[in-house]
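Please explain how this protein is arranged, taking the reliability of the coordinates into account before turning to individual elements and residues.

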Amino acid sequence: MLTVALDLPSARVLAGQASVIQDLQFVMDCCKRLLTELARPEEDRDGVVPQALWSSALVAYARCFGKGRRFGLSTEDVQNLPLHGAVMKFHKWAIEERNKLAARPADPFEVAKIGAALSPSGQTERRVEGIAIFSAGHVLVDVIGVRQLGGLASELARQTAEKAQEQQDSVLADAQELNIDSLYRLPPLRTRPPTDGSAEDTP
């Protein structure tokens, strides 16, 4: 079936909703994988994987609420969810955690602790023998936090999908008002990256 791109205000809204759903789905996938990782004995875990999954989930979640994202989610969307408990408190905490990931801490001691290695106190000459550096590793959230973020993303995705379904009807109505001949003159909408051969034909 021939498909062409629509550059309409209503289509732009629908595209924004689709991108939010895509981000939230990614959050849910990360949380599922993270639960599997956390179920392993600590000595069998790869320390990088849980931290990478959690960081990626927080970044994708916060991206849905970006200040510059015109068609993103708002705190009202979280407040309107049929969830009980400290939902807004957890939402704000997740955004703050993401902000910490993206910014260099004002206090370097949050990342590393510097210590003075002292000679044994019983020695005649007490002095500083050397300097020790201890990395203050990132605190990984527990299973409960992972489940909360995944559940929150799931409910927001469901709510956004319902709005997107209604918006899709609006886009269809707008598209049906356009000149049909001009639509057929538009280039086909690509659903996959172009191959080397087709890329050469593209101006």
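The paragraphs below treat confidence, one helix and its surroundings, two residues of another helix, and a pocket.

The structure is a predicted model. Its mean pLDDT is 86, and 90% of the residues reach 70 or more. One stretch calls for caution: over residues 197–203 the pLDDT is below 50, and beyond near neighbours in sequence this stretch has 3 contacts in the model. Where pLDDT is low, the predicted coordinates should not be read in detail.

Helix 4 offers a starting point. Its 16 residues, 87–102, span 23 Å from the first C-alpha to the last, close to the 22 Å expected at 1.5 Å a residue. Val87, Met88, Phe90, His91, Ala94 and Glu97 are buried in this helix. The cover over these buried residues of helix 4 includes helix 2 (48–63), helix 3 (75–79) and helix 5.

Helix 5 leads on to two residues that can be examined individually. Gln167 is found in this helix. Is Gln167 buried or exposed? With a relative accessible area of 16%, Gln167 falls under the 20% limit and is therefore buried. When neighbours within four places in sequence are left aside, the contacts of Gln167 are Ser10, Val13, Leu14 and Gln17.

Val171 also lies in helix 5. Its relative accessible area is 8%, so Val171 counts as buried by the cut-off of under 20%. Not counting residues up to four places away in sequence, Val171 touches Leu6, Ser10, Ala11 and Leu14. Ser10 and Leu14 are thus named among the contacts of Gln167 and among those of Val171. How far apart are Val171 and Val13 in sequence and in space? They are separated by 158 residues in sequence, while their C-alpha atoms lie 9.2 Å apart.

The second largest pocket brings helix 5 into view again. This pocket holds about 430 Å³ of space. It is lined by 13 residues, of which Leu2, Thr3, Val4, Leu6 and Ala175 are the closest to its centre. Two or more lining residues come from each of helix 5 (143–176) and helix 6 (180–184). In character, the lining divides into 11 nonpolar and 2 polar residues, with no charged ones. Leu6, one of the residues closest to the pocket centre, is also one of the contacts of Val171.

Helix 5 thus recurs throughout this account: it is part of the cover over the buried residues of helix 4, it contains Gln167 and Val171, and it contributes to the lining of the second largest pocket.

Methods:
Residues numbered from 1 in each chain as written. Predicted model: local features only at pLDDT ≥ 70, side-chain atom pairs only at ≥ 80, totals over all residues. Heavy atoms only, no water. 1 Å grid on protein atoms, 1.4 Å probe; cavity = no way out; pocket = protein on both sides within 12 Å on 5 of 7 lines; lining within 4 Å. Points joined across faces, edges and corners; volume = space filled by probe spheres on them. Helix = DSSP H or I, 4+ residues; strand = E, 2+ residues; numbered from the N terminus. Nonpolar A, V, L, I, M, F, W, Y, C, P; charged D, E, K, R; others polar. pLDDT = per-residue confidence, 0-100. Contact = heavy atoms within 4.5 Å. Expected span 1.5 Å × (residues − 1). Buried < 20%, exposed > 50% of the residue type's maximum accessible area, 1.4 Å probe, protein only.
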